[in-house]
Amino acid sequence: IEPDTYNATATFVLNGTTQVLTATLIIKPAVINNISLPSKSFVYDGTPKSLSVNTLTLPYGETASVVYTNNENVQASNDAYIVTAEVSHPFYETLYLRSELYIGKADYDLSNIVFEDKTFEYNGEVHNLTYTGDLPEGLSVIFENNSKKNAGEYIVELKFVNSNENYNTPNSLFATLNITPKNLSINFEELTFNRTHQNLKYTLNGVLEGEDARIRFSQDTVFNAGYYTITASALNTNYSLSGQFLVTVKKATVSEDTISKPQLVATYFEGIKLKDIRLSTGFSWVNAEQDISCADKSFDAIYNLDPTNYNDLLLTLSVDIKKASINAVFPSVSSVTYGEQLRDASFNAYHRLGEFKWKNEMLYPIVNNNGYVMELVPFDTVNYNLEQKVINLVVKPKVLSLEFDNYDRVVYNGLQQKNVTATIGGVLDVDAGAVQVRLSY
């Protein structure tokens, strides 16, 4: 029975009396309490989105009908769509439902967009970061803090511009643009000491044409010969030059023709070495321990007044080494008899450096000529002088024999003078005919 108002009549007989009764029957529509319209949230995908009631089956098995309002929405919205549903059935009260349909903005698929750090070396040109990959439709980009020339580290922002209201604007991507200073190399020239403060000389490699790296050194000049550790750095931050470099200042070389060589004279002595010959300032012997003799005339020497700044000059120095005098004490000698040779004048003498001998030992000394030369002949005639001394030699007269041929007759003839003949014995051949005998009787 459909819901409605019905009039009812009842007739009955009681005790023979017929009675009629009337009544009104009201059947009301039932209430629908098992149907709802749930809210829902969707993410935009380009297709229509809608709500629907949870069921159209009524409690007693009937099927209700529904009419929606503001349903079937496509576009994303910050606000909810209000959807209404009118559920009806002849036996039920019409049910009015209201709910919210959310269509949220979608996120762009940026999985193929790569925006990453990059490093460049300074080259005087502008450097940029860019991305790789294809942007979805409706999305474009702008860069912030990009396009840099000078060396440095820059955080670049990739900002997305969204023209499609159905999508969320992606968060910015960030990457580092690193422009490193251009590496320089430097070659220092080798300098030679010249008694002045010299500026560093160098070749700088890698500086771009028209630019100045502005190099600063720990010291700008050098003086003495030697090795200098120089710290160098580039004040222009677009260039890199840092570290310690070795700068060489070579020793100078003296020309031999500018040197006044000393005139060296020495006298030999036993055990003399080259170091015993004193040299003037700046000179030194190459082999100071060398044994030397009068036979040596020149020796290797070094000249260097300033060893810090000059190379040793190897040269030859001449030395006049005089023979030494022995200064010996000459011995006493025995006398000789006229007619004996000088070598017969004996003596007892020894000297470790030489031998005593007569200069003209075959000579026959004569009486009253006592001065004869004795020599000390050195064993080492190279280094010692021959020494001589006049020796006073006692020369005894030679005793002659006289044999008279007529001696007996002369004696016994009394006082009468007679010519006497005699033979003189012992006269040297050299004196033959020069000896006269005076006889007195």
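This passage walks through some strands, sheets, loops and single residues of the structure. The model is a predicted one, and it helps to take the strand pairs before the loops.

The chain starts with a neat pair to practise on. Strand β1 (residues 4–14) and strand β2 (residues 17–27) run antiparallel, and 11 bridges join them. As a landmark, Ala-8 can be picked out: its bridge partner in β2 is Ala-23. The two strands form a hairpin with two residues between them, and in this hairpin Asn-15 takes a positive phi near 55 degrees. Most residues other than glycine have a negative phi. That makes Asn-15, with its positive phi, a handy residue to look up in the turn.

The hairpin also carries part of the surface story. Phe-12, Leu-14 and Leu-21 make a nonpolar surface patch of about 260 Å². Of these residues, Leu-21 sits in strand β2. Its relative accessible area is 45%, so Leu-21 counts as partly exposed, given that the partly exposed class lies between 20% and 50%.

Further along comes a sheet with a less uniform pattern. Four strands form an open sheet in the order β7-β10-β9-β8, and the pairing is mixed. At its edges stand β7 (118–121) and β8 (139–144), each of which pairs on one side only. Direction ignored, neighbouring strands of this sheet are turned by 25 degrees against each other on average. A parallel pair can be found here: β7 and strand β10 (residues 173–180) run parallel and are joined by four bridges. Within that pair, Thr-119 stands opposite Asn-178 in β10. Strands of a sheet pair through backbone hydrogen bonds, whether parallel or antiparallel.

Another open sheet lies later in the chain. Three strands build it in the order β26-β27-β28, with antiparallel pairing. Strands β26 (354–358) and β28 (387–392) stand at the edges with a single partner strand each, so one side of each has no neighbour in the sheet. From one strand to the next, the twist averages 25 degrees. Going across the sheet, β26 and strand β27 (residues 371–378) pair in the antiparallel sense over five bridges, with Val-377 in β27 as the bridge partner of Glu-355. On the other side of the sheet's order, β27 and β28 are also antiparallel, pairing over six bridges. Here Met-374 stands opposite Lys-389 in β28. In a regular strand the side chains alternate between the two faces of the sheet.

The loops deserve a look too, starting with the one between β22 (283–285) and β23 (298–303), which holds Ser-293. Is this residue, Ser-293, buried or exposed? With a relative accessible area of 17%, Ser-293 is buried, because the buried class covers values under 20%. Leaving aside neighbours within four places in sequence, Ser-293 is in contact with Tyr-268, Ile-321 and Asn-383.

Asp-296 is found in the loop between β22 and β23 as well. At 24% relative accessibility, Asp-296 counts as partly exposed. When residues up to four places away in sequence are not counted, Asp-296 touches Asp-291, Val-319 and Ile-321. Ile-321 therefore turns up in the contact lists of both Ser-293 and Asp-296, where a contact means heavy atoms within 4.5 Å. Asp-296 and Ser-318 are 22 residues apart along the chain, and their C-alpha atoms are separated by 8.9 Å.

Two other loops bring back the theme of phi. Arg-214 lies in the loop between β15 (202–205) and β16 (215–217). Its phi is near 55 degrees, a positive value in a residue other than glycine. With 43% relative accessibility, Arg-214 is partly exposed. Asn-327 has its place in the loop between β24 (313–322) and β25 (336–337). Although Asn-327 is not a glycine, it has a positive phi of about 55 degrees. How does this residue stand with respect to the surface: is Asn-327 buried or exposed? Its relative accessible area is 63%, so Asn-327 is exposed, a class that takes in values over 50%.

Terms used
Residues numbered from 1 in each chain as written. Predicted model: local features only at pLDDT ≥ 70, side-chain atom pairs only at ≥ 80, totals over all residues. Heavy atoms only, no water. Pairing = 2+ DSSP bridges. Axes fitted to C-alpha atoms, helices over the stretch in contact; angles between N-to-C directions. Buried < 20%, exposed > 50% of the residue type's maximum accessible area, 1.4 Å probe, protein only. Patch = residues over 30% accessible without salt bridge, like charges linked within 9 Å, V, L, I, M, F, W, Y side chains within 5 Å. Areas by Shrake-Rupley, 256 points an atom, 1.4 Å probe, with all protein chains shown as cover. Salt bridge = Lys/Arg side-chain N within 4 Å of Asp/Glu carboxyl O.
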